[in-house]
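Me: I'm new to this one. Can you walk me through it?

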Amino acid sequence: MRSKIVAGNWKMNNDAKETKNLVKGIRKAIKRFPLANTRVLVAPAFVNLRSANKKAKKSNIEVVAQNMHQENSGAFTGEISADMLQSIGIKTVIIGHSERRSIFGETDELLAQKVNQAIEKEMEVIFCFGEQLEDRKTDNHFTIVQYQLEKGLFHLEAIAWNQIVLAYEPVWAIGTGETASPEQAQEMHAFIRKLVQEKYNTSVADNTSILYGGSVKPSNANKIFSKEDVDGGLIGGASLNIEDFTEIIKAI
Ligand code: PEP
């Protein structure tokens, strides 16, 4: 059975103290309600991973990385490897966030290499993808999403999908306040699950969690999460606020 997941992407926000306080606050808040089959993930900046992980110890919070390099070591100034992440207890990594694609020029080919490295190192991958506004306006959103999945993930063996979580994030909804409607999210998630089923099999498709990301807030989380193929969310802005993030977790 696939898990429900609420993951907070903290991006380049929060210093050391703020990160610890945020983990502490979320930890305290989610203690008050049951989390049946639901995982709560947070992705602080690299420098804060270790302390966040310490603060999250023996709680329901899993600390994950926002990115990693495709090689394991070497002359790659400023980069972080899978081994480094694992050496501080990080088991999950976000790959392919739209900001990595658009601001840092990460291509589908590069992302496939990162995915391969993470799989080989036995890490879990939250693989992000989604169309631009122009793609949706021109009715190309399904084609783009299919292309991103084919390039980034469909070379994997079925067995590797135990380590894959999908995060559909329409770029026009990220940090814009504009959200895909619950119907738009469901339509795309059902399409994605069908693609996985056709490429692999029903079991892989049924067991893969597909998260929605793009301006999820306490006010819209319930409706989005109620859709059959939406298994949770990747949350940016709202995950920086203890109350908002907690409300979103409650919604699931
Ligand atoms: C994100 O960055 O993955 C995201 C979904 O951001 P926001 O929730 O702020 O739109």
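What follows is a short chat about the ligand and the pockets.

Reply: This is a predicted model, where local features need pLDDT of at least 70, side-chain atom pairs count only at pLDDT 80 or more, and totals for chains, interfaces and linings use all residues. Residues are numbered from 1 along each chain as its sequence is written, and side-chain values use heavy atoms, with hydrogens and water left out.

Me: Which residues come nearest the ligand?
Reply: Lys 11, Glu 169, Gly 175, Ser 215 and Gly 236, out of 14 residues around the ligand. A residue counts as near if one of its heavy atoms lies within 4 Å.

Me: And what classes are in that shell?
Reply: Four nonpolar, eight polar and two charged residues. Ala, Val, Leu, Ile, Met, Phe, Trp, Tyr, Cys and Pro count as nonpolar, Asp, Glu, Lys and Arg as charged, and the others, Gly among them, as polar.

Me: How far is the side chain of Glu 169 from the ligand?
Reply: An N or O atom in the Glu 169 side chain is 2.6 Å from a ligand oxygen atom. For Lys 11, a polar side-chain atom lies 2.5 Å from an oxygen atom of the ligand. With Gly 237, a polar backbone atom is 2.8 Å from a ligand oxygen.

Me: How much of the ligand does the protein bury?
Reply: 95% of the 290 Å² that the ligand exposes when taken alone, by the Shrake-Rupley method with a 1.4 Å probe.

Me: Which pocket does the ligand sit in?
Reply: The second largest, meaning that more than half of its atoms lie within 2 Å of the pocket's grid points. A pocket is an open set of points on a 1 Å grid over the protein atoms alone, where a 1.4 Å probe fits, with protein on both sides within 12 Å along at least five of seven lines; lining residues have an atom within 4 Å of a point.

Key
Polar contact = N/O pair within 3.5 Å; in protein donor to acceptor, adjacent residues only side chain to side chain.
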